[in-house]
Amino acid sequence: MTVLKTQNLTKIYGGKPAVDDVSLTIEKGDIYGLIGQNGAGKTTLMRMITSLAAPDNGSIQLFGESDPAKINAARRRMSATIESPAMYPGLTAAQNLEFYRKQRGIPDKAVVNNALEFVGLTDTGNKKFKNFSMGMKQRLGLALTTLSNPDFVILDEPINGLDPMGIVEIRKLIQTMSEKGITILLSSHILTELSLVATKYAFLHHGKLIKNLTHEQLQEECKRALSLVVNDAQKACVVLETTLGIHNYKQVNNNEIRLYEQFDKSEEISYQLIHGGVRLAAMQEVGDTLEDYYKNVIGGSYNV
């Protein structure tokens, strides 16, 4: 089931596109990561999806609905925290959630305690929000998003400003939400952290969607390999399999093969290829770290 589909979505501020012709599809069960540097257009895209900003061009389909009247009703099945949790600084965690429970017309009073229990904030007592740590504030923001039992949750930079322990806590909560059947769209500029939780990725840069791939595809593209540049890849594959017993490889094109095993036998591989009538032009280890991959995709420096 398609939860969200955008087509050619565009938003212009001051004559410049903040989001430029973005089309993406999120399926039920996805943990969909928007990755991009600050100013890439992540928050603007989320604001349009949640109706906090109106698109200048393009369309949004939510739970199969695109008609303006019906899509507003469909938004009741979603919840979002954009930029930072909108809490009252002088209220406690329970008081903040109780306010939003009443505002949203949720009759079940138990949802407040359930949400606090889910994020581990039942013991905060009379402590006011203004005295919360950054990690506690982010967890209360997650509690707020789960208050109405949504099918789809949008989280804008949920790990921003957190220490390593806080990041781990938020990651576990996101994974638990997914296990409960909630589809999640979240943004970050830290690919290494998103890679631990997301199932799909969209890379935004200067408002444009420049890359879209699954977690498996990301891991494959970053996979370490021994690259062999030869004059005849098909002949080389025969030598690899029959003489060296190597089967974990990929033929990239007619002149390149990538091996994913026996890295420590480069001299033997070279000897057997040449002995088998294959000319070996180059042999080198390739593959990116996640940071390198991000830098190569956006064509600039990697900044966390």
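Let me start with the packing of helix 3, residues 93-103, against helix 5, residues 134-146, which in this predicted model come together at an angle of about 30°, with their axes 10 Å apart. Since angles under 35 degrees count as roughly parallel, the two helices, helix 3 and helix 5, are therefore described as roughly parallel to each other. The crossing of helix 3 and helix 5 is right-handed.

Which residues meet where these two helices touch? On the helix 3 side they are A93, L97 and Y100, and on the helix 5 side they are L140, A143 and L144. If we sort the residues of this contact by character, we find six nonpolar, no polar and no charged.

Now let me turn to helix 3 by itself, where the buried residues are A93, N96, L97, Y100 and R101. These buried residues lie on the same side of helix 3, because they cover an arc of only 140° around the axis. What lies over them includes helix 4, residues 110-119, as well as helix 5, and you will recall that A93, L97 and Y100 are the helix 3 residues that meet helix 5.

And what does the face of helix 3 turned away from its buried side carry? There we find the exposed residues K102 and Q103.

One last detail concerns the backbone just after helix 3, where G105 takes a positive phi of about 70°.

So, to put the picture together, helix 3 has a buried side, covered by elements including helix 4 and helix 5, and a face turned away from that side with K102 and Q103 exposed.

Notes. Residues are numbered from 1 along each chain as its sequence is written. This is a predicted model: local features need pLDDT of at least 70, side-chain atom pairs count only at pLDDT 80 or more; totals for chains, interfaces and linings use all residues. Side-chain values use heavy atoms; hydrogens and water are left out. Axes are lines fitted to C-alpha atoms, for helices over the stretch in contact, and angles run from 0 to 180 degrees between N-to-C directions. Helices (H or I, at least four residues) and strands (E, at least two) are DSSP runs, numbered from the N terminus. Angles under 35 degrees count as roughly parallel, over 145 as roughly antiparallel, 65 to 115 as roughly perpendicular and the rest as oblique. A crossing is left-handed if the near helix is turned anticlockwise from the far one by less than a right angle, and right-handed if clockwise. Contact means heavy atoms within 4.5 Å. Ala, Val, Leu, Ile, Met, Phe, Trp, Tyr, Cys and Pro count as nonpolar, Asp, Glu, Lys and Arg as charged, and the others, Gly among them, as polar. Buried means under 20% relative accessible area, exposed over 50%, partly exposed in between (1.4 Å probe, protein chains only). The arc is that of the directions from the helix axis to the C-beta atoms.
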